[in-house]
Amino acid sequence: MSSIVSRLSNLVVGDQPTKVASADDKMFVGSIDQGTTSTRFLIFDKKGEPIAIHQEEFSQIYPNPGWHEHDPDEIIETIESCIEGAIRQFEKDGHFRESIRCIGVTNQRETTVLWDKTTGEALYNAIVWTDTRTAGLAKELKARPGSEKLQGICGEAISSYPSVTKVLWMLKNVDKVRKVYEAGNLAFGTIDTWIMYKLNGGLEKNVFVSDQTNASRTMFMDIRSLKYSDEMLDFFSYEYDMRKIAFPEIVRSADIKAFGQIRSGPLAGKPITGCLGDQSAALVGQKGFDPGAAKNTYGTGCFLLYNTGKEPVFSQHGLLTTVAYNFDGSPVYALEGSIAVAGSGVKFLMHNMGFSHASHKITELAETVQDNGGLVFVTAFSGLFAPYWIDDTQGTMFGITQHTERGHIARATLEAVCFQTKAILDAMEQDSGKKLAELKVDGGMSNSALAMQTQADLVQIPIVRPRMRETTALGAAIAAGFASDVWKDFEELKDVNTSGQTVFEPKMHLEDSRKMLKKWEKAVAMCKGWTAEEKTDEAEINGDAAQADEMGKVTKGKEQKAIEI
Ligand SMILES: Nc1ncnc2c1ncn2[C@@H]1O[C@H](COP(=O)(O)OP(=O)(O)O)[C@@H](O)[C@H]1O
Ligand SMILES: O=P(O)(O)OC[C@H](O)CO
């Protein structure tokens with residue numbers, strides 16, 4: 001496992017939280033933030049300030065090109081040790097664990113775990129949302145009659161991204177999974193479900209739930225009724241009967257009972273009262289409660305959510321429809337633009353290319369050059385997601401010359417996310433008929449001032465970055481706090497996370513920005529079809545279960561490189 005860090009110093013930029021003694025000082029909310037590359041546990045006070053944090057990275061398992069897995073048990077171990085680390089820091093600072101009222105959970109979405117409901121044992125590594133082994137399967141499914149209707153039911157189109165194709169792949173390729181399915185004991189969960197199940201003690205309490213924001217990423221849920229959809233289950237039951245799998249109960253995002261409680265460790269007995277998929281949580285943490293509010297989170301991937309209010313809106317321009325949150329039984333929806341590669345592009349330059357040992361150094365490297373020097377990097381490691389949805393492509397660089405240096409590559413890597421964000425914003429404008437006045441941002445890569453300035457230049461609206469950027473964890477704390485009466489309504493949150501914003505105003509001439517975009521669009525058009533004739537999923541086609549089982553183990557436990565602070 002990776003090195004460990006308890007930190008607060010780089011959590012907020014600018015003024016540190018000031019201590020004011022009041023009754024609210026005694027009320028705290030814990031938040032588990034289980035992301036794609038790291039797990040964190042934070043403790044927030046009622047003003048929404050983080051008082052303690054502990055973060056750990058965990059193994060990223062890449063058994064084959066395009067495959068990406070996590071060890072489900074390691075995920076739980078990191079949660080437990082993050083809780084221990086943060087509580088240690090919290091108590092060292094003179095607080096008491098008894099004053100933590102409730103816990104919220106937020107998590108990477110779509111990533112899929114299958115387990116045996118009679119033993120509670122995971123049957124295979126979790127297949128991560130970025131994994132493209134099912135690209136071929138997705139293509140076959142899209143060719144089936146009726147596939148064109150699915151997005152209008154569940155909000156998502158078939159691709160390797162939602163959970164469903166990951167389930168189908170494991171059924172077909174992993175012996176252990178198939179045997180448990182045949183015995184009628186197969187349980188399905190996204191990461192929220194797995195976390196709730198395990199933290200509640202697994203088999204014994206059998207807490208088996210998923211919140212609506214997570215369930216809306218599986219393709220199994222009807223986005224309007226918020227229940228499992230017969231049409232979806234029928235469509236995907238062509239080889240294995242989806243109704244023979246146990247699916248978690250779908251619940252709202254704030255609930256005093258549904259998520260149970262933590263059963264062991266320093267927070268044993270604490271109720272879990274809120275849960276949101278991480279992108280929904282970031283929208284909540286940015287207080288994007290009004291229709292028309294939007295946020296863009298630059299984490300491992302980058303996800304722009306646009307609040308569309310009480311009714312789901314279906315995009316004509318490559319966006320997904322998702323549940324933003326549901327605190328009181330009445331769901332709020334969002335249009336989503338999903339970008340597969342953001343910070344993971346930065347990590348690729350660090351770990352695979354050896355450009356540097358720290359993310360901020362990639363930004364510094366990008367700053368050593370004045371512009372991209374004509375280089376465009378389409379970082380399509382998982383194909384290209386929104387708004388393009390090109391699955392027969394891979395990462396592609398255009399415009400390499402003798403002039404190209406590492407600085408240009410670093411710059412083009414950051415720019416790739418900004419170009420895609422611009423394309424998503426254009427799509428949103430076309431779908432909504434409205435233009436955003438500003439864009440709120442957060443996530444690790446938003447630390448890069450260069451990336452945020454580039455973003456402002458490309459979208460030609462101000463980019464607003466909060467001082468406290470742990471908005472995802474804050475969103476989960478808010479969900480939990482609503483169910484536990486820490487906060488009673490949105491009005492009570494009005495002063496939360498408002499101070500010390502940085503605004504990046506567009507500086508580039510519109511014409512120059514248009515020229516850059518034109519080149520990007522040309523590069524996107526040219527990278528299409530790169531993998532079109534290949535059998536991208538040979539293991540899947542051959543159904544070689546032993547091979548797949550073995551592959552799952554090959555890199556298990558492989559150490560992640562040291563975490564940066
Ligand atoms: N200064 C920086 N410049 C560029 N990228 C950064 C910077 N700081 C952090 N990142 C990137 O942000 C990502 C982590 O963001 P985070 O929001 O924690 O992601 P996640 O929740 O997906 O694990 C990493 O991929 C890291 O490389
Ligand atoms: O790990 P992140 O923060 O990039 O988020 C992952 C998303 O939830 C995937 O849909």
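A nonpolar core is a set of buried Ala, Val, Leu, Ile, Met, Phe, Trp, Tyr and Cys residues joined through side-chain atoms within 4.5 Å. In this predicted model, the largest such core has 41 residues. Within this core, L439, M445 and I463 touch the most other members. Several elements give two or more residues each. They are β14 (294–298), β15 (302–309), β17 (332–339), α10 (343–352), α11 (359–367), α12 (406–432), β20 (439–442) and α13 (449–459). The most comes from α12, which supplies 9 residues. In general terms, nonpolar side chains tend to be buried together in soluble globular proteins.

Take L439 as a way into this core. Setting aside residues up to four places away in sequence, L439 touches A294, K295, N296 and L304. Its other partners on that count are T421, L425, I461, P462, I463 and V464. Apart from this core lies another, of 40 residues. Among the members of that other core are A86, F90, V105 and Y197.

Now step back to the whole chain. The chain has 565 residues, and 63% of them count as buried. There are 17 helices and 22 strands. Consider contacts with a separation of 6 or more: 74% of them join residues 24 or more positions apart. The chain exposes about 21500 Å², and carbon and sulfur atoms supply 50% of that area.

UniProt's unreviewed entry annotates two domains here. Residues 30–285 carry the annotation "domain: Carbohydrate kinase FGGY N-terminal". That span is 31% helix and 22% strand. Its end C-alpha atoms lie 14 Å apart. The annotation "domain: Carbohydrate kinase FGGY C-terminal" covers residues 295–483. Over residues 295–483 the chain is 37% helix and 21% strand, with the end C-alpha atoms 24 Å apart.

One helix deserves a closer look. α10 is mostly covered, with 7 of its 10 residues buried. These are G343, G345, V346, K347, F348, L349 and M350. What covers them includes β4 (50–57), α11, β18 (376–378) and α12. After α10 comes G354, whose phi is positive, near 65 degrees.

Next comes the ligand site. The residues around ligand 2 are T36, Q108, R109, E110, W129, Y161, D278, Q279, G299, T300, G301 and F303. Three polar side chains can be followed to oxygen atoms of the ligand. A polar side-chain atom of Y161 lies 2.7 Å from an oxygen atom of ligand 2. For R109, a polar side-chain atom lies 2.9 Å from an oxygen atom of ligand 2. For Q279, the corresponding distance to an oxygen atom of ligand 2 is 3.2 Å. On its own, ligand 2 has 310 Å² of accessible area, and the protein covers 94% of that area.

R109 merits a stop of its own. R109 lies in the loop between β6 (100–107) and β7 (112–116). Is R109 buried or exposed? Its relative accessible area is 3%, so R109 is buried, given that buried means under 20%. The side chain of R109 also makes a polar contact with the side chain of E336, at 2.8 Å. Leaving aside neighbours within four places in sequence, R109 is in contact with W129, Y161, N214, R217, G277, D278, Q279, F303 and E336.

Conventions:
Residues numbered from 1 in each chain as written. Chains lettered and ligands numbered in written order. Predicted model: local features only at pLDDT ≥ 70, side-chain atom pairs only at ≥ 80, totals over all residues. Heavy atoms only, no water. Buried < 20%, exposed > 50% of the residue type's maximum accessible area, 1.4 Å probe, protein only. Helix = DSSP H or I, 4+ residues; strand = E, 2+ residues; numbered from the N terminus. Contact = heavy atoms within 4.5 Å. UniProt positions renumbered as here; feature names shortened; annotations may be inferred. Near = heavy atom within 4 Å. Polar contact = N/O pair within 3.5 Å; in protein donor to acceptor, adjacent residues only side chain to side chain. Areas by Shrake-Rupley, 256 points an atom, 1.4 Å probe, with all protein chains shown as cover.
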